Amino acid sequence: MAEAHQAVAFQFTVTPEGIDLQLSHQALTEIYLSGVRSWKKRIIRLKNSVITGVYPASPSSWLFVVIAILATMYTRSDPSMGLIAKIQEHLPVSQSMSTQCQAVVSAVLFSTMLWLLLIFTMRLCLKQLLSYHRWMFEQHGKMSNTTKVWVALVRIFSGRKPLLYSYQGSLPNLPVPAIKDTVKRYLESVRPLMDDTEYERMTKLAAEFESSLGKRLQWYLKLKALWAANYVSDWWEEYIYLRGRSPIMVNSNYYGMDFLYVTPTPIQAARAGNTIYAFFLYRRKLNKEELKPSRIPGTVIPLCAAQCERMFNTTRTPGEETDTVQHWQDSDYVAVYHRGRYFRLRVYQAGRLLSPREIEFQIQRILDDSSPPSKGEANLGALTAGERIPWAKARMNYFSSGVNKRSLDCIEKAAFFVTLDDDEQGMMGDDPEASLDRYAKNLLHGKCYDRWFDKSFSVVFYKNGKSGINAEHSWADAPVLAHLWEYALATDSFQLGYNAEGHCKGEVDSSLPRPQKLNWEISPECEEQISQSLAVAQALADDVDCHVFSFREFGKGKIKKCRVSPDAFIQMALQLAYYRARRTFCLTYEASMTRLFREGRTETVRSCSNESSAFVRALEGGEAADVCRRLFRAASEKHQHLCRMAMTGAGIDRHLFCLYVVSKYLGVESPFLKEVLSEPWRLSTSQTPLQQAELFDLVNHPEYISCGGGFGPVADDGYGVSYYIYGEDLINFHISCKHSCPDTDAHKFGAQIRKALHDLVQLIGPNQRESSKTEKSQPEVKKDL
């Protein structure tokens with residue numbers, strides 16, 4: 001209880017002689033320093049708000065405008081065309097203010113208004129410039145004169161040294177596509193999945209919707225688009241994520257892996273010390289907006305950074321009808337789980353961030369703590385892994401007051417969650433592929449009670465020094481968290497490092513207060529609910545089949561030599577692999593970002609197209625190589641076109657989803673929308689891009705390769721496939737499905753993907769293109785001979 005007493009600033013005792021007041025100077029000092037730190041953050045936040053608010057101008061430009069106007073006044077010219085005199089006439093008359101002083105004040109007021117008008121004009125111009133997307137549809141390497149002028153103007157209006165959120169006010173709003181365009185694109189996307197009878201029926205439903213109810217729903221959606229910054233994002237977060245009542249473990253959360261071939265240190269506490277320290281360095285940069293704004297690689301085009309705001313100090317709280325995402329401005333500690341116990345670990349002492357060595361010291365104290373869990377505490381985290389309604393009721397009944405509420409608040413308000421796992425994970429042993437599968441499966445769901453799945457993210461540190469991350473999905477998409485994870489991995493290995501013994505560098509202040517163990521009073525009724533949630537979560541976890549493999553035969557480098565987009569190449573391979581496994585095509589989901597727009601998140605690329613299915617059928621039907629190559633080119637170009645359309649706001653699924661939401665608000669039924677929204681995604685795919693290659697020395701240290709991350713299957717009879725393109729010669733694949741489906745097998749599908757990749761590169765590789773040219777130059781050689 002010593003830690004609890006240290007947290008109390010003063011104590012008093014009533015005695016016969018009066019009140020005996022005892023002050024804790026250490027606690028008062030902590031309170032004072034905490035207040036100072038809080039005010040510093042407020043001042044930084046205010047300063048950044050001003051800088052961001054006037055962007056693309058700068059606060060110092062106001063002084064330049066004022067001086068310029070005053071200088072022109074003293075040259076006997078009036079740049080305001082009489083406005084300064086008008087302002088002077090309406091100034092409150094003061095006997096202490098001379099006429100000259102009134103003129104100066106009027107000039108300053110005019111200069112300020114002119115400055116604000118210039119800022120508004122520059123921001124409006126930048127917003128219009130960023131609404132131009134034709135550059136994305138131009139042939140690679142061939143830039144039109146219009147685009148060249150546009151790039152120059154974007155550079156001019158973008159200002160210098162933007163902060164993380166500087167572009168937010170200049171990003172365009174997501175446009176609402178025309179109903180007829182969306183319906184047309186939808187019908188085209190489902191054509192390879194339907195026979196003639198089904199397609200004719202769907203065409204009639206679509207035509208009826210477009211000509212009647214669709215127009216009414218579109219009117220309301222356009223009204224929302226005029227009012228809201230993004231007509232999709234708030235509904236997407238609420239209805240796709242927060243209103244889901246099934247477990248978020250496996251179904252929603254996703255994971256990220258550690259380095260594939262390297263473990264920087266085998267000491268669990270040391271790895272935790274460096275990584276936790278790196279996370280707080282990133283949070284400091286985030287709070288100060290010192291992170292560079294994300295851009296489309298190789299361009300000056302900024303991406304929306306709104307999702308970064310809730311990265312830390314955030315949790316998802318359950319409700320009976322809908323969950324909510326709660327975010328706190330600051331938190332100076334992390335919540336730690338180890339062997340059934342929960343701890344509060346402060347990472348700030350006397351206003352300073354603890355060093356990595358000190359965090360390691362504190363983590364080791366937790367690892368060495370032999371105290372048993374409280375009654376019912378060991379499996380408490382299973383509540384966050386099970387169904388949402390039972391967890392919401394349990395939270396209200398058993399965690400709304402007393403010691404349970406205080407301990408729950410401690411976890412939910414923590415910067416993030418840390419799990420110290422007693423298992424060893426990573427690529428190891430006689431069967432490295434099987435060990436990678438176990439590693440992925442463990443990161444996805446753990447033991448179902450040793451993660452707090454509601455936290456924005458949980459970091460896992462294993463006994464052998466490996467680490468990983470599990471993230472809740474509602475607050476942001478994977479690339480946002482991947483940016484943080486890349487920074488933490490690179491900082492841990494290339495900046496902080498370890499000493500010869502594998503410990504964090506630096507000295508330790510042994511007087512640091514011990515981490516505080518959280519207390520719980522779990523009733524038998526609550527224990528029963530924990531057991532029920534654990535049973536549900538365990539059944540779900542046991543049903544998941546995971547397979548991870550590294551494809552090293554070739555990578556992005558060789559694919560680009562074939563003059564094909566690496567993403568399109570992999571998507572065609574997935575279509576081929578799925579067809580070979582199931583002898584049919586399926587509705588395929590590829591996540592594409594819409595962060596070119598304000599508060600943009602994702603859009604769906606429907607990778608199974610008429611062109612891709614024609615290519616696969618031709619290849620599997622034994623058509624001539626030239627025919628297959630031509631069809632492959634058409635399919636890959638079509639896929640790239642679909643990606644560009646999705647990125648520029650002309651996708652299919654988010655528009656139809658929002659129309660469906662409007663129909664529910666209006667209380668009207670649409671057979672067309674109902675059928676569209678009920679179609680299963682049997683192949684759900686996503687690419688995780690490497691965003692900060694400059695942080696990793698791929699030339700001198702190619703072994704520092706992250707394995708990427710993955711997610712659970714979206715459909716019970718489908719696959720979840722995540723792929724991570726690293727460098728020029730490596731592609732990592734993460735495949736998931738369910739054991740309960742007799743038609744899916746992650747390992748067999750992985751083998752089909754490998755074969756498809758080899759077959760495609762053999763078909764379109766550089767040597768095949770050369771032989772094709774030779775054949776064309778010799779017309780006397782016939783293919784059918």
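A residue is called buried when its relative accessible area is under 20%, exposed when it is over 50%, and partly exposed in between (1.4 Å probe, protein chains only). The model is predicted: local features need pLDDT of at least 70, side-chain atom pairs count only at pLDDT 80 or more, and totals for chains, interfaces and linings use all residues. Residues are numbered from 1 along each chain as its sequence is written, and side-chain values use heavy atoms, with hydrogens and water left out.

**Exercise 1. The whole chain**

Task: Describe the protein chain by its burial, its contacts and its radius of gyration.

Solution:
- Step 1. Start with burial: 53% of the 785 residues in the protein chain are buried.
- Step 2. Turn to contacts, meaning heavy atoms within 4.5 Å. Of those in the protein chain with a separation of 6 or more, 78% join residues 24 or more positions apart.
- Step 3. Now count elements, taken as DSSP runs numbered from the N terminus: helices are H or I with at least four residues, strands are E with at least two. The protein chain has 25 helices and 20 strands.
- Step 4. Its radius of gyration is 30 Å, close to the 28 Å from the globule rule for 785 residues, so the protein chain is as compact as a globular protein of that length. The radius is taken over C-alpha atoms, and the rule is 2.2 Å times the number of residues to the power 0.38.

**Exercise 2. The two sides of a helix**

Task: Work out which residues of α8 are buried, and what they pack against.

Solution:
- Step 1. Helix α8 spans residues 196–211, and its 16 residues reach 22 Å from the first C-alpha to the last, close to the expected 22 Å. That expected span is 1.5 Å times one less than the number of residues.
- Step 2. Met202, Leu205, Ala206 and Phe209 are the buried residues of α8. They lie on the same side of α8 because they cover an arc of only 100 degrees around the axis. The arc is that of the directions from the helix axis to the C-beta atoms.
- Step 3. Those buried residues pack against α7 (179–190), α9 (213–227), α22 (653–666) and α23 (671–677).
- Step 4. Look at the other side of α8, where Asp196, Thr197, Lys204 and Glu208 are exposed.

**Exercise 3. Backbone exceptions**

Task: Locate the cis peptide bond that ends at Pro56, and place Ala350 and Arg563, whose phi values are positive.

Solution:
- Step 1. Recall the background: most residues other than glycine have a negative phi, and most peptide bonds are trans.
- Step 2. The bond from Tyr55 to Pro56 is cis, with omega near 15 degrees. Pro56 sits in the loop between α2 (25–53) and α3 (59–74).
- Step 3. Ala350 has phi near 55 degrees and lies in the loop between β8 (348–349) and β9 (352–353). Its relative accessibility is 42%, so Ala350 counts as partly exposed.
- Step 4. Arg563 has a positive phi of about 60 degrees in the loop between α18 (556–561) and α19 (566–582). With a relative accessible area of 69%, Arg563 is exposed.

**Exercise 4. A residue in α14**

Task: Is Asn404 buried or exposed, and which residues does Asn404 touch?

Solution:
- Step 1. Place Asn404 in helix α14 (residues 402–412).
- Step 2. Its relative accessible area is 5%, so Asn404 is buried.
- Step 3. Leaving out residues up to four places away in sequence, Asn404 touches Tyr398, Phe399, Trp520, Glu521 and Ile522.
- Step 4. For Tyr398, the backbone oxygen lies 3.0 Å from a polar atom of the Asn404 side chain.

Notes. Polar contact = N/O pair within 3.5 Å; in protein donor to acceptor, adjacent residues only side chain to side chain.
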